[in-house]
Amino acid sequence: MIFIANKRLGIDKIRKKYPDADILDITSTSDLKYTQLLSPFYPHMNIPIPNSKGLTASCVEAIWQGLKVFENFDVDINTFKNVSMHNIKRTTKKFGKILGHRYGVGSNVILNYFDARMLIYIPTYKYVLDNIPSVHNILSKIRDMSFYKNIVLLDYNVCTDYRDITKPISHAYLVKCYIEDCYPKYSKNLKPLSKEELKNLKSKERELKNKFKQKTIAQQLQLNLDFESIKPDFNI
């Protein structure tokens, strides 16, 4: 199976939670070059900018950031050219309140956050997964490995519901969806999670965490019992 974990937890905590899993850091700060290829920040080059005929960018994140529209600044062409994997993000602190994402260079349409996620970020990342041979090779290996062992994909964002717009979506989650053939698709009928749905989602997450804690405690107790049963008696 494939699991998603927050890289900020630290490798020791992650290994404790998933003791038998292979852990793959697929962020731009990974020590492994081949797993960096799955990062939205990686400059694969020539990534088509949605609804922008003939225009391309260096990476997925450059497109997402470059199409942002702020109250004091519009689309930034220079961001599309960033190949450094650094200084790509455009923030409200520097440019003022964000108004949305422009649906393509020169477009009159400014998308809200949810529609921008569905029409810009998710399909652009899918383009990379579909069309970059080196990326496709890694995906095939992860898919094959997941059939016989657990895989943990590390990300800084761990939101695993594309309808949850309270947090940035996890690209590791999109990798998991792609491998498991359930990649999100845009539909006019789709809407972000309502307040009630978010409340229920958080409740379920708490339940899962509690179950995991109970399972972990039970496993530790069993390990202690097993150790006691094999511990040599030095008093003989």
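Okay, let's start with a single residue: Ser84 sits in the loop between α4, residues 77-80, and α5, residues 92-95. Just so everyone knows, this is a predicted model.

So is Ser84 buried or exposed? Somewhere in the middle: Ser84 is partly exposed, because its relative accessible area comes out at 38%, and the partly exposed class runs between 20% and 50%.

Now, what does its side chain touch? There's a polar contact with the side chain of Asn82, at 2.8 Å. A polar atom of the Ser84 side chain also lies 2.9 Å from the backbone oxygen of His86. And if you look over at Ser58, that residue is 26 residues away along the chain, yet the C-alpha atoms of Ser58 and Ser84 are separated by 9.5 Å.

Right, let's leave the loop and go to the sheet. Here we have three strands in an open sheet, and the order is β1-β8-β2, with parallel pairing. Why is one side of β1 and of β2 left without a neighbour in the sheet? Because β1 (2-6) and β2 (22-25) stand at the edges, and each has a single partner strand. From one strand to the next, the twist averages 30°.

Take β1 and β8 together. β8 covers residues 151-155, and five bridges join this strand to β1. As an example to click on, Ala5 has Leu154 in β8 as its bridge partner.

Last stop, the helices. α7, residues 133-146, lies across β1, β2 and β8, and runs at about 135° to β8. Then there's α8, residues 171-179, which lies across β1 and β8, at about 175° to β1.

Terms used
Residues are numbered from 1 along each chain as its sequence is written. This is a predicted model: local features need pLDDT of at least 70, side-chain atom pairs count only at pLDDT 80 or more; totals for chains, interfaces and linings use all residues. Side-chain values use heavy atoms; hydrogens and water are left out. Two strands pair if DSSP finds at least two bridges between them. Helices (H or I, at least four residues) and strands (E, at least two) are DSSP runs, numbered from the N terminus. Axes are lines fitted to C-alpha atoms, for helices over the stretch in contact, and angles run from 0 to 180 degrees between N-to-C directions. Contact means heavy atoms within 4.5 Å. Buried means under 20% relative accessible area, exposed over 50%, partly exposed in between (1.4 Å probe, protein chains only). A polar contact is a pair of N or O atoms within 3.5 Å; within protein, one must be able to donate a hydrogen and the other to accept it, and residues adjacent in sequence count only if both atoms are side-chain atoms.
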